[in-house]
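Notebook open, structure loaded. I'm jotting down what I looked up, one entry at a time.

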Amino acid sequence: VQLQASGGGLVQTGGTLSLSCAVSGLTFSTYCMGWFRQAPGKAREFVAGIRRTNATTYYAPSMKGRFTISRDNAKNTVYLQMNNLKPEDTGVYYCAAVLNRIDYSGYYYDARTYEYWGQGTLVTVSS
C-alpha cells in the first residue's frame, strides 16, 4: 500500500494551496481518507476526513470554511483545498486511510484509527 502526498510549498498568509494524495495497493473506494498535520514540536492533529464518497466529510473546527476535502474514486486520489491560509497552518500534512467499517463519526477524527499513512508534504505559511 502506498499513499503519496504532494502539493505542499511556501505560501503567504491568505494564500491557497491544493494538496493531493495518490493511493495505490488497496481498494480505494472502500476506504475513508483523512488529512492530518503536525507542526514543529506539536502532536499530530486531525484536519479533515472523507468517507467513501464526497457526501460525508469531517473537519476540525479551525479548518471548517477554509479547507475542503474531496476525493476522486476513479483516480484513487484524495484532495485538500486550503484557502485563506494562516501561519498556524504551517506543518507537515499527512494523508491516511482506514477501511470504512464504522458509522460513528468520531472514529475518523482519531489518528490511531488509521491503518495506512503517506510520507507527508510540508506546508509553510509566511506572515
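**Entry 1, Asn100.** I looked up Asn100 first and found it buried at 16% relative accessibility (buried is under 20% relative accessible area, exposed over 50%, partly exposed in between, with a 1.4 Å probe and protein chains only). Asn100 sits in the loop between β9 (91-99) and β10 (116-117); strands here are DSSP runs (E, at least two residues), numbered from the N terminus. I listed the contacts of Asn100 (heavy atoms within 4.5 Å), skipping residues up to four places away in sequence: Thr30, Tyr31, Cys32, Arg51, Arg52 and Tyr108.

**Entry 2, ground rules.** Note to self: this is a predicted model, where local features need pLDDT of at least 70 and side-chain atom pairs count only at pLDDT 80 or more, while totals for chains, interfaces and linings use all residues. Numbering runs from 1 along each chain as its sequence is written, and side-chain values use heavy atoms, with hydrogens and water left out.

**Entry 3, cysteines.** How many disulfides are there? I get one, taking a disulfide as a pair of cysteine sulfur atoms within 2.5 Å. Cys21 and Cys95 make that bond, with their sulfurs 2.1 Å apart. The two are 74 residues apart and link distant parts of the chain, Cys21 in strand β3 and Cys95 in strand β9. The S-S torsion of Cys21 and Cys95 is about 60°, so I call the disulfide right-handed. Cys21 is buried at 0% relative accessible area, and Cys95 is buried at 0% too. Cys32 is in no disulfide; its nearest cysteine sulfur, on Cys21, is 12 Å away. Cys32 also counts as buried, at 0% relative accessibility.

**Entry 4, the four-stranded sheet.** I traced an open antiparallel sheet of four strands in the order β1-β3-β8-β7 (two strands pair if DSSP finds at least two bridges between them). β1 (2-6) and β7 (67-72) are at the edges with a single partner strand each, so one side of each has no neighbour in the sheet. Between β3 (residues 17-24) and β8 (residues 77-82) I count six antiparallel bridges. Cys21 stands opposite Val78 in β8.

**Entry 5, around β5.** Is strand β5 (residues 45-50) largely enclosed or open? Five of its six residues are buried, so the rest of the structure largely encloses it. β5 runs antiparallel to β4 (residues 31-38), joined by five bridges, with Gly34 partnered by Gly49. The β4-β5 hairpin has six residues between its strands, and Gly41 in the turn has a positive phi of about 80°. On to β6 (residues 57-59): three bridges join it to β5, again antiparallel, and Ile50 pairs with Thr57.
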